[in-house]
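Please walk me through this structure in plain paragraphs. I have not seen it before and would like the local details explained.

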Amino acid sequence: MNAEPGFIRRLVAKPWLWAYVAAAAVWLVTILFTGGRGGGEVLTAAFTFATFSVIVGIGQLYVVTLGPGNVDLSIPATITLAGAVATKVMDTQDGLILVGLIVALACGVAVGCFNYALIIILRIPPIIATLSSSFLIQSTAIAYGRGIRIKPPAALADFTTAQVLGMPVLALCVIALAAVMEIVLRRTVYGRWVTAIGQNMRAARLAGVNVGRTRFTAYVMSAVFAGLCGYLLSGFSGGSSLSMGEEYLLTSIALVVIGGSSVAGGYSNVPGLWGAALFLFLVVTMLNTYGFGAGLRYLSTGLIIIAVIVAASARKATR
Amino acid sequence: MNGSVLSARTLRNLLPALSLLVLLAAIFYLQPRAISYVGFNLMLNLAIPIAFATIAQMCVITVNDLDLSIGTYVGFVACIGATLLSGGIGALPFIKDLQASGALPATLPWIMNTPLAGVLVLLMGIGVYALLGALIHLRNLPSIVVTLGMSFVWLGLSVLVLPVPGGQAPGWIKSLMTLKTPFIPFPIIAAVVIAVAAHILIMKTSYGAVLRGAGGNPKAIERAGWSLLKVKMAMFALAGFFGMLAGLSLVGLTTSGDANIALRYTLLSIAGVILGGGEFVGGRISPIGAVIGAATLTLAGSFLSFMRIPPDWQIGAQGAILIIVLALRTLIDRAEKRR
Amino acid sequence: MASAATPIISLNGVEKSFGAVRALRGVDLACHAGECIGLVGHNGAGKSTLMNLLAGVFPAEGRIEVDGKDIASRYSVATAQAHGIRCVFQELSLCPNLTVAENARIMHASLRGFGWRKRAGKLILDKLDEVFPGHGISASDIVGDLPIARRQMVEIARAFSVTTAPARLVILDEPTSSLDAHLASQLLAYVRSFVAKGGCVVLISHLLGEILAAGDRVVVMKDGKVVVERPAADFNRTSLVAAMGSVAHDEGANAATADTKRSETEPRVRVAADRQAGGPELIAHQGEIVGLAGLGGQGQSEMLIRIFDAAGKNARNVTVVGGVALVAGDRQTDGVFPLWSIAENITISSLRRMRRGPLIDGAATEAMAEDWKQRIGIRTPDMNNPILSLSGGNQQKALFARALGSDAQTVLMDDPMRGVDIGTKQEVYGMIRAEAEAGRTFLWYTTEMDELKHCDHVYVFRDHHIVAELSRSELTEEKVLHASFAEVA
């Protein structure tokens with residue numbers, strides 16, 4: 001009996017809890033409207049779409065954890081490029097699924113290396129480095145993918161849309177991926193180093209942390225996850241399109257913020273990404289259910305992000 | 001010692017203008033006819049709104065922040081310009097729908113048709129910018145997240161005002177933007193006026209020095225008794241003001257509004273400031289350079305089409321120009337340091 | 001003293017504490033019109049605190065009178081400025097992105113309206129011409145492009161320039177630190193003429209010649225108190241150095257211990273001598289405690305960072321055998337990870353040793369944290385508490401535990417005892433001695449004489465060069481001070 005209040009207290013202290021609470025509340029309000037019908041379908045859809053944003057959210061989280069000024073703005077362009085290249089390479093053949101995956105991930109590695117080269121060799125601030133490289137990547141993707149509308153291999157399309165008991169298989173995989181990345185963040189030397197750099201880069205260097213390699217890995221990881229997302233998205237949505245990455249710029253950053261991680265770096269958690277992704281999708285569903293149009297959806301998304309960041313700053317101030 | 005520092009700085013300052021001249025020379029080489037009254041009118045028309053947006057972004061960058069919402073804000077202003085500012089509340093699509101369905105009379109009272117509603121909303125937009133500056137300063141918030149959130153707010157508001165592209169820009173803006181000036185094309189005159197006005201405002205006035213100083217050494221500004229809160233609010237309000245001019249000039253050219261009309265302006269404006277010799281931190285900016293940067297980015301598109309490079313590569317070329325200029329700057333800095 | 005008139009500002013029994021550290025313990029000081037006060041003292045004597053207090057940067061306890069009125073509680077930067085009290089801080093308070101004239105405008109709110117730039121330029125240039133004839137600075141120069149000496153000249157000239165509020169008391173903190181001898185003499189000459197016209201200057205400098213040449217009165221501070229206050233004419237260099245030194249020479253026994261034979265063991269760290277300056281090379285052997293002495297900020301920290309960066313690499317002029325760890329002195333910027341627990345802060349440098357498979361071994365890190373909690377005596381109920389829940393001294397112990405707990409052969413200490421209470425100090429001294437006997441090498445930058453007595457060998461730094469090398473038997477406070485304060489001309 002004694003352990004229980006302690007457990008609850010520890011749970012309440014978790015910064016990621018609130019994203020889940022909010023997601024559950026929004027879901028309840030949504031099915032209240034329908035009188036309980038369709039609640040399961042809404043959840044299935046939420047998990048389906050949240051999956052893709054969580055994948056890029058993980059990469060963005062690692063980059064943001066590196067400290068103020070670190071953010072990857074090239075995620076949307078990388079998604080588009082990887083999707084376009086992978087679908088073209090696979091050319092609808094099931095046998096080339098693995099090759100496609102490798103190519104998509106390789107796109108990510110290349111983009112990540114390029115980004116970090118701009119940051120470290122040309123001393124360009126990360127925001128501008130990833131911004132300007134996203135211009136280049138976007139153009140490459142457009143030029144490469146122009147006019148082609150190749151269907152993804154059937155097996156890939158099947159995999160990305162498969163469900164077990166109403167739960168998307170892909171979502172289960174990404175839940176596992178998130179669990180692994182949470183362990184990497186908390187329980188490996190690399191994760192500790194990322195967190196240390198985010199709190200105080202100079203102190204990290206003087207404590208023997210290999211700052212350069214750690215940052216490099218984070219930027220490459222972010223781009224690789226964007227590549228993976230592009231690959232899976234092209235399978236899911238029946239081929240790649242030139243605007244498929246667009247929404248993921250804001251989403252990836254919003255997930256980090258709403259999930260309870262600090263935008264100033266050094267304090268992050270992966271579970272919150274899932275809560276935040278479900279929350280964001282469910283808000284859109286709720287507004288749709290109640291008949292609100294696109295305008296109000298955008299408006300509320302924006303206001304939620306600002307409200308969360310202001311609330312987070314208040315929490316920091318009282319601490 | 002002094003001489004070498006001077007030349008490195010001069011070189012850096014001249015870099016934006018040199019890039020523009022090189023681009024113009026290349027265009028002249030490829031397509032001599034483009035360097036003419038009509039040619040400039042065509043090539044540089046869109047440079048006017050981009051220049052305004054770049055100046056707006058520059059104001060925010062001066063105080064070490066970044067505005068990722070300027071693109072949707074410009075779109076919002078364009079939507080307001082095409083509706084409220086031309087025909088008052090009566091010009092809003094949903095009011096027209098109500099009129100069509102008979103819920104509202106066909107002729108509305110004057111209060112519903114006065115463009116004052118548009119003026120009011122635009123002023124409120126500037127007010128929102130000032131409040132954002134205050135919020136970011138008081139709460140010490142990261143500007144990229146706040147403005148990213150704002151980008152959705154502006155987009156949502158634009159969609160509410162104008163669900164589908166349409167509306168009608170006020171006649172006076174349209175005729176101003178298509179002005180046929182003697183000898184020198186209007187876009188060039190406009191660009192010079194924008195550059196000079198912003199230069200006087202930010203670089204020449206006595207409070208402008210304080211505004212820029214707050215980017216260079218905020219502690220010193222505070223120690224000298226100035227309010228950093230006021231500085232931030234002023235700079236964000238200025239950004240809102242120039243962003244408004246960008247939206248109005250844009251809608252004057254396109255004649256109708258669209259929520260998504262200026263999404264790329266966010267990235268273009270940042271690129272323009274950097275191309276123009278501005279720096280991200282430290283309050284080192286140049287309004288004249290920013291306008292030159294905006295013109296360079298606009299002309300890059302024409303240059304590519306003269307080169308018969310598909311328009312797909314337009315954004316890529318802008319990215320490449322940005323990287324090359326930043327690389328050159330790093331090189332100059334390193335050479336300077338070595339001495 | 002200089003006159004019977006009311007002083008511009010007078011302090012009576014003023015105290016100031018930062019946390020547990022008492023920076024000022026009852027200071028009496030009066031600044032009169034028409035005098036130049038030379039303020040000297042060793043590092044940490046309280047000079048900077050005193051100066052910030054005079055400038056109104058932070059409040060203090062005690063009685064502060066300005067022009068005869070007690071305004072201790074309401075004293076602020078604005079009050080100071082209104083009464084003509086100006087300050088030239090050591091860290092430059094110019095905006096590097098603005099021109100010289102624009103920086104003058106930042107200080108003088110009245111410079112506005114049409115033609116302000118011309119007036120600001122004239123104001124600052126006239127003052128520059130007056131203080132530093134032939135300065136070669138133009139009003140339109142961007143401050144960030146100027147060499148450091150010229151920036152300092154601008155800052156000084158700005159402090160003496162007058163628009164609406166007068167300049168009556170100007171506090172100069174190490175104003176000549178980046179000026180050459182010629183410019184320094186120009187400044188001192190101006191200080192004398194300013195004083196002759198009825199102004200007052202408080203001059204802080206570690207160049208004793210300047211203090212003796214320009215000061216009417218010399219105030220010596222030590223341990224947050226004014227210990228000596230006499231006319232400058234009563235001093236010469238030797239007596240001034242003596243006045244700054246410790247009153248009683250205790251712990252004489254320590255110094256008497258014999259020198260360890262340096263050549264017995266292999267050197268762990270070797271930094272080649274600076275060829276231009278011609279100083280000695282820096283060597284630290286296994287099991288040695290090597291002190292880096294001198295005044296604060298004379299290049300000792302930079303030397304430690306150089307050695308830290310050279311470890312494990314093929315660096316030019318620096319050879320390091322084995323791993324190194326660093327104990328930061330400036331905890332906030334160089335040491336502590338503020339969002340982490342005490343245990344996480346201690347184990348960060350040793351994580352690679354404590355892995356099981358790809359993961360960090362939680363039991364091992366916990367054991368290490370507990371072990372060091374006992375060994376170094378960190379006062380906390382739980383090592384999983386946030387590091388910021390500890391007092392400054394205990395945070396510093398955690399940083400020591402981080403370095404000593406790592407497998408590094410050499411430990412670099414960057415003035416780590418700043419703001420640490422005496423009890424903690426004693427515990428840590430003992431631990432360092434024991435670790436050294438076990439074979440560890442320590443390089444210890446410290447500005448405190450008492451700590452140098454724990455060292456086997458001492459290098460004295462001045463202006464980023466090693467200027468003296470003292471073995472344990474040669475080490476005396478006089479020698480260190482003399483080497484620290486030696487002057488070029």
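Helices here are DSSP runs of H or I with at least four residues, and they are numbered from the N terminus. The model is a predicted one. With that naming in hand, B:T54 can be placed in helix α3 of chain B, which covers residues 47-62. The relative accessibility of B:T54 is 0%, and because buried means under 20%, B:T54 counts as buried. Apart from residues up to four places away in sequence, B:T54 touches B:S269, B:G272, B:V273, B:A290 and B:A294.

Chain C offers two further buried residues. C:N345 belongs to helix α12 of chain C, residues 342-347, and has a relative accessible area of 1%, so this residue is buried. Setting aside residues up to four places away in sequence, C:N345 touches C:G335, C:V336, C:F337, C:W340, C:I387 and C:R402. C:T49 lies in helix α1 of chain C, residues 47-54. With a relative accessibility of 11%, C:T49 is buried as well. Its contacts, leaving aside neighbours within four places in sequence, are C:K16, C:F18, C:A23, C:L24 and C:F58. C:T49 is also separated from C:A139 by 90 residues in sequence and by 33 Å in space, taken from C-alpha to C-alpha.

Burial can also be followed along a whole helix. How many residues of helix α9 of chain A, residues 189-199, are buried? The count is 11 of the 11, so the helix is largely enclosed by the rest of the structure. Among the buried residues of α9(A) are A:Y190, A:R192, A:W193 and A:Q199.

The next topic is aromatic rings. Over all chains, the count of aromatic pairs is 21. One of them joins A:F49 and A:F281, whose ring centres are 5.3 Å apart and whose planes are at 10 degrees, so this pair is stacked. A:F49 is in helix α3 of chain A (residues 39-65) and A:F281 is in helix α13 of chain A (residues 271-289), so the pair ties together parts 232 residues apart in sequence. Both rings belong to partly exposed residues: A:F49 has a relative accessible area of 41%, and A:F281 has one of 22%. Ring pairs also link A:F49, A:F52, A:F236 and A:F281 into a cluster.

Chain B has a stacked pair too, formed by B:Y129 and B:W154, with 6.2 Å from centre to centre and 10 degrees between the planes. B:Y129 sits in helix α8 of chain B (residues 116-139) and B:W154 in helix α9 of chain B (residues 143-161), so this pair ties together parts 25 residues apart in sequence. Both B:Y129 and B:W154 are buried.

Rings also meet charged side chains. In chain A, the charged end of A:K88 sits over the ring of A:Y144, at 4.4 Å from the ring centre. In chain C, the charged end of C:R375 sits over the ring of C:W372, at 4.2 Å from the ring centre.

From side chains the account turns to helix packing. Two packed helices are described by the angle between their axes and by the distance between those axes. In chain C, the axes of helix α4 (residues 116-131) and helix α6 (residues 181-196) come within 8 Å and cross at roughly 100 degrees. Since angles of 65 to 115 degrees count as roughly perpendicular, α4(C) is roughly perpendicular to α6(C). Which residues meet where α4(C) and α6(C) are in contact? From α4(C) come C:K127, C:E130 and C:V131, and from α6(C) come C:Q186, C:L187 and C:Y190. The residues of this contact divide into 3 nonpolar, 1 polar and 2 charged.

Two loop residues complete the tour. A:L165 is not a glycine, yet has a positive phi of about 55 degrees. A:L165 is found in the loop between β1 (163-164) and β2 (167-168) of chain A, and is exposed, with a relative accessible area of 86%. C:H464, likewise a residue other than glycine, has a positive phi near 65 degrees. The place of C:H464 is the loop between β20 (457-462) and β21 (465-471) of chain C. With a relative accessible area of 49%, C:H464 is partly exposed.

Terms used:
Residues are numbered from 1 along each chain as its sequence is written. Chains are lettered from A and ligands numbered from 1 in the order in which they are written. This is a predicted model: local features need pLDDT of at least 70, side-chain atom pairs count only at pLDDT 80 or more; totals for chains, interfaces and linings use all residues. Side-chain values use heavy atoms; hydrogens and water are left out. Rings of Phe, Tyr and Trp (its six-membered ring) pair if their centres lie within 6.5 Å; planes under 30 degrees apart count as stacked, over 60 as edge-to-face and the rest as tilted. Buried means under 20% relative accessible area, exposed over 50%, partly exposed in between (1.4 Å probe, protein chains only). A charge sits over a ring if NZ of Lys or CZ of Arg is within 6 Å of the ring centre and within 35 degrees of the ring normal. Axes are lines fitted to C-alpha atoms, for helices over the stretch in contact, and angles run from 0 to 180 degrees between N-to-C directions. Angles under 35 degrees count as roughly parallel, over 145 as roughly antiparallel, 65 to 115 as roughly perpendicular and the rest as oblique. Contact means heavy atoms within 4.5 Å. Ala, Val, Leu, Ile, Met, Phe, Trp, Tyr, Cys and Pro count as nonpolar, Asp, Glu, Lys and Arg as charged, and the others, Gly among them, as polar.
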